[in-house]
Amino acid sequence: MSRTQIPGADVLGAQALDAARRCGVDPGTVAGDGPHRSPVNGASLGGVRWHDAAAVDDVVARSAAAFLAWRKVPAPARGAVVKRFGELLTEHKADLGALVSLEVGKITAEALGEVQEMIDICDFAVGLSRQLYGRTMVSERPGHRLMETWHPLGVVGVISAFNFPAAVWSWNTAIALVCGDTVVWKPSEQAPLTALASAALLDRALAEHGAPRDVSQVVVGDPAVGEAIVDHPGVALVSATGSTRMGRAVGPRVANRFGRALLELGGNNAAIVAPSADLDLTIRGVVFSAAGTAGQRCTTMRRVIAHSSVVAELTERLVDAYARLPIGNPMAEGTLVGPLIHGRAHEAMAAAVTRARSEGGKLVAGGERVLADAAPDAYYVEPAIVTMPGQTAIVRDETFAPLLYVLAYDDFADAVALNNDVPQGLSSSLFTRDQAEAEIFLSAEGSDCGIVNVNIGTSGAEIGGAFGGEKQTGGGRESGSDAWRGYMRRATNTINYSGRLPLAQGVDFAI
């Protein structure tokens, strides 16, 4: 594997501040003592001012006050703000992409792709601003009309993770804004400048359209800030992205106060490779899904379930492809695998490989830390492939790193059962030329995941479809399709224009 040179700390810090400044962030207003390191070289990018949990009360109060005015703005006018935000994102795509790379280690192509997702969701939301449709239903009573209307929900709290430091916020925010909600964002501690730069561009769009103050706010801080948002009775909807462990804590706490929770949690995603699969296409789909973002996506492919007639050839070709993956500085041309986010991620990956071996697995590719001499405080690893004798305990766990397990199957029904036999249910793929297998996989007796693909990998969802999963993935839906309904409240309306008062179900209650 080729390896690219790691830049020094001073270079990265200057790049980060310059990019943030061009997006409208005044470095003097955000300077502080909050820890802020780049996974590219492990060095500090400069301190950032953090809020504490006590600040959340004031932020939510201001957001609630802004909501009272923002909900009255016509939805198409709210859409115009989001349209302008999309234009500003387009103008500053390179700057935001650089911040994503610097703060979370994504390669340039993926970092720019994340910003493009933000632009795309703005386009989607602008169209949605004229399509917040309700229904008119037939009433059983003469002279009555039955219909539903949709209204803004209130303050939306967004808690985002490091691996998509801005895109997931934009999914929620673009939709929430056109729905008439206000937003309070607690970004990942790993990516405060990405968050502040994104928010500065949105603030500019809001100001240009004369929107109320505090429609969108950012609260940078440690997990206690997120907990304060989760527990705050003034936050109508909490949209939280993170681990299943985090979701187990967030869901009950929001439910206990009768709030709404939209949870995007873990993924243990698999691809079934059938005997008829196009292996050239399959290799490309698997390698991107398994090694992209250094395996740090919720949609990362973590399991390949290959038919016994192709598993040996597939594994050999995957090992060959992995050997050619360029690892190193994510901003260098040609790099395909950047760093893990921190040392704990590396420790978790190493422990998983050790455990897989103890459960009968064989490490056939990668797994070693590299570039430690050049960047001792950064964690670059070779993406790993482990062949397994079956779906053992470690295979059913999610390791948030580039670790791919390969299993064999003989019967298609058994392959589908293996796909489903994990606690998580986010994304799944089938590589086949057999139409019947494809239809079964997409049917109720097929994959039990929220995302079910045929002849593409598990990563790379488009914003037009609702994104989310089942089981321990949380059940939430963000982005496209009708996900907007989660950001609004529904009212069922009955209008009586008959001049009489007939009751439903023929009830007689004459007085």
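Let's start with Ser-129, which sits in the loop that links helix H6 (108-128) to strand S1 (136-137). Keep in mind that this is a predicted model. Ser-129 counts as buried, because its relative accessibility is 5% and the cut-off for buried is under 20%. Zooming out, the chain has 511 residues, and 55% of them count as buried.

**Two buried loop residues**

- Once you set aside the neighbours within four places in sequence, Ser-129 is in contact with Ala-75, Pro-76, Gly-79 and Val-178.
- Thr-399 is another loop residue to look at, and its loop runs between helix H14 (393-396) and strand S14 (403-409).
- Is Thr-399 buried or exposed? Thr-399 is buried, since its relative accessible area is 9% and buried means under 20%.
- Again leaving out neighbours within four places in sequence, the contacts of Thr-399 are Arg-302, Ala-348, Met-349, Ala-352 and Tyr-405.
- Tyr-405, one of those contacts, has a number that falls within the range of strand S14 (403-409).

**Positive phi without glycine**

- Lys-471 isn't a glycine, yet its phi is positive, at about 55°.
- You'll find Lys-471 in strand S19, which covers residues 470-471.
- Lys-471 has a relative accessible area of 37%, so it lands in the partly exposed class, between 20% and 50%.
- Gln-505 isn't a glycine either, and its phi is positive too, at about 60°.
- Where is Gln-505 found? Look in the segment after strand S21 (488-496).
- Gln-505 counts as exposed, because its relative accessibility is 65% and the cut-off for exposed is over 50%.

**Cysteines**

- How many disulfides does the structure hold? The count is 0.
- Cys-122 is in no disulfide, and the nearest cysteine sulfur belongs to Cys-179, 14 Å away. A disulfide needs its two sulfur atoms within 2.5 Å, so that pair doesn't qualify.
- Cys-122 has a relative accessibility of 1%, so it counts as buried.
- Cys-449 is in no disulfide either, with the sulfur of Cys-298 as the nearest cysteine sulfur, 12 Å away.
- Cys-449 also counts as buried, because its relative accessibility is 12% and the limit is under 20%.

**Overall fold and dimensions**

- The secondary structure adds up to 16 helices and 21 strands.
- What radius of gyration does the chain have? The value is 24 Å, and a compact globule with 511 residues would have one near 24 Å, so the two agree.
- Along the principal axes, the C-alpha atoms fill a box of roughly 80 × 60 × 35 Å.
- If you take the contacts in the chain with a separation of 6 or more, 75% of them come from residues 24 or more positions apart.

**Surface and charge**

- About 20,600 Å² of the chain is exposed, and 53% of that area is supplied by carbon and sulfur atoms.
- The chain carries 44 positive and 55 negative charges.
- How far apart are the mean positions of those two sets of charges? They are 6 Å apart.

Terms used. Residues are numbered from 1 along each chain as its sequence is written. This is a predicted model: local features need pLDDT of at least 70, side-chain atom pairs count only at pLDDT 80 or more; totals for chains, interfaces and linings use all residues. Side-chain values use heavy atoms; hydrogens and water are left out. Buried means under 20% relative accessible area, exposed over 50%, partly exposed in between (1.4 Å probe, protein chains only). Helices (H or I, at least four residues) and strands (E, at least two) are DSSP runs, numbered from the N terminus. The radius of gyration is taken over C-alpha atoms; the globule rule is 2.2 Å times the number of residues to the power 0.38. Contact means heavy atoms within 4.5 Å. Accessible areas come from the Shrake-Rupley method with a 1.4 Å probe; for residues, only the protein chains shown count as cover. Lys and Arg count as positive and Asp and Glu as negative; His and the chain ends are not counted. The place of a charge is taken as NZ of Lys, CZ of Arg, CG of Asp or CD of Glu.
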